[in-house]
Amino acid sequence: MFSLNVPVPGELKRVASELHPALTRFERIRERHTLVAKRFDTSLDDDADSLPRLRERLRPSLRRHVSGGLDLRVTGLDYFETPARGTGPVVYLTVESPDLHRLHRRLCESFGTVAGIEGDDYVPHVTLARGGRIDDAREVVAGRGLEPIEWTATELHVWDSRYREAAARIPLR
């Protein structure tokens, strides 16, 4: 229902737009680009279904563990052949961030770990497209280099999947 997402910079959105023609062969192309830091599951934590309680628990945790923002870097393009959830393949931008991994681990300790996609299975990424043929995913990814995109996230968004929008913004500074 809710997730904690890192907003992505305009430069990343521009790269996704430039890749759009190569992604038209997939069943779904993601138009809104987000980077999930943590999903909240009601079977793991009762507060996962209450935005006010979730937000109030997140604020002190984020203040304690994140000072000044999260440093992030998009380094390339890859795909999941068989994702843990939903249809595959999933073509995505790879994200490297020790800051994000540390935050993710701490949030999993506080809110529980969603099996198959979090904890040791967590792969920070920005989904571009999904569904279709593996050969198409291989072709899109093969030999396509990207200039790294670096940014510092100074806020996080609590994403509400029911309404497909940010329900809250939490500053990191």
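## A starting point: Arg164

Let us begin with Arg164, which counts as exposed because its relative accessibility is 58%, above the 50% cut-off. The structure you are looking at is a predicted model. Arg164 sits in the loop that links β8 and β9. Its phi is near 55°, which is a positive value in a residue other than glycine. That makes the residue worth a look, because most residues other than glycine have a negative phi.

## The four-stranded sheet

On either side of that loop are two strands of an open sheet. Which order do its four strands follow? They are arranged β3-β1-β8-β9, and the pairing is antiparallel. At the edges are β3 (35-40) and β9 (165-171), each of which pairs on one side only. Ignoring direction, neighbouring strands in this sheet are turned by 25° against each other on average.

Strand β8, residues 155-160, is joined to β9 by six bridges in the antiparallel sense. To find one of these strand-to-strand matches, look at Trp159, whose bridge partner in β9 is Ala166. Two helices also pack on this sheet. Helix α2 (residues 51-65) touches β1 (2-6), β3, β8 and β9, and its direction makes about 30° with that of β9. Helix α3 (residues 98-111) touches β1, β3 and β8, and its direction makes about 10° with that of β3.

## Asn5, a buried residue in β1

Now follow strand β1 to Asn5. Is Asn5 buried or exposed? Asn5 is buried, because its relative accessible area is 4% and the cut-off for buried is under 20%.

The side chain of Asn5 has a polar contact, at 2.8 Å, with the side chain of Ser3. Leaving aside residues up to four places away in sequence, Asn5 touches Thr34, Leu35, Val36, Ala37, Leu156, His157 and Trp159. Trp159 is the residue introduced above as the bridge partner of Ala166.

## The five-stranded sheet

There is also an open sheet of five strands, with the order β2-β6-β5-β4-β7 and antiparallel pairing. The edges belong to β2 and β7; each has a single partner strand, so one side of each is left without a neighbour in the sheet. Helix α4 packs on this sheet and touches β4 and β5, with its direction at about 130° to that of β4. Helix α3, already met on the four-stranded sheet, lies across β4 and β5 and runs at about 90° to β4.

How much of β5 is buried? Six of its seven residues are, so β5 is largely enclosed by the rest of the structure. Seven bridges pair β4 with β5 in the antiparallel sense; Val74 has Val95 of β5 as its bridge partner, and Gly76 stands opposite Thr94 of β5. Towards β6, five bridges join β5 to an antiparallel neighbour. Here Thr94 stands opposite His125, and Val91 stands opposite Ala129. Five bridges also join β4 to β7, again running antiparallel, and Arg73 stands opposite Glu150 of β7.

## A cis bond between β4 and β5

The loop between β4 and β5 holds Pro89. What kind of peptide bond joins Gly88 and Pro89? The bond is cis, with omega at about -5°. This is a feature to notice, because most peptide bonds are trans.

## Helix α1 and its bend

Helix α1 covers residues 10-23. At 1.5 Å a residue, its 14 residues should span 20 Å, and the end C-alpha atoms are 19 Å apart, which agrees. Along the way, α1 bends by about 25° at Ser17, and a proline, Pro21, follows within four residues.

Which residues of α1 are buried? They are Leu12, Val15, Ala16, Leu19, Ala22 and Leu23. Some background helps in reading that list: an α-helix has 3.6 residues a turn, so residues three or four places apart point the same way. The buried residues of α1 pack against β2 (28-29), β4 (70-80), β5 (90-96), β6 (125-130), α4 (134-141) and β7 (149-153).

Notes:
Residues are numbered from 1 along each chain as its sequence is written. This is a predicted model: local features need pLDDT of at least 70, side-chain atom pairs count only at pLDDT 80 or more; totals for chains, interfaces and linings use all residues. Side-chain values use heavy atoms; hydrogens and water are left out. Two strands pair if DSSP finds at least two bridges between them. Axes are lines fitted to C-alpha atoms, for helices over the stretch in contact, and angles run from 0 to 180 degrees between N-to-C directions. Contact means heavy atoms within 4.5 Å. Buried means under 20% relative accessible area, exposed over 50%, partly exposed in between (1.4 Å probe, protein chains only). A polar contact is a pair of N or O atoms within 3.5 Å; within protein, one must be able to donate a hydrogen and the other to accept it, and residues adjacent in sequence count only if both atoms are side-chain atoms. The expected span of a helix is 1.5 Å times one less than its number of residues. The bend at a residue is the angle between axes fitted to the seven residues ending there and the seven starting there.
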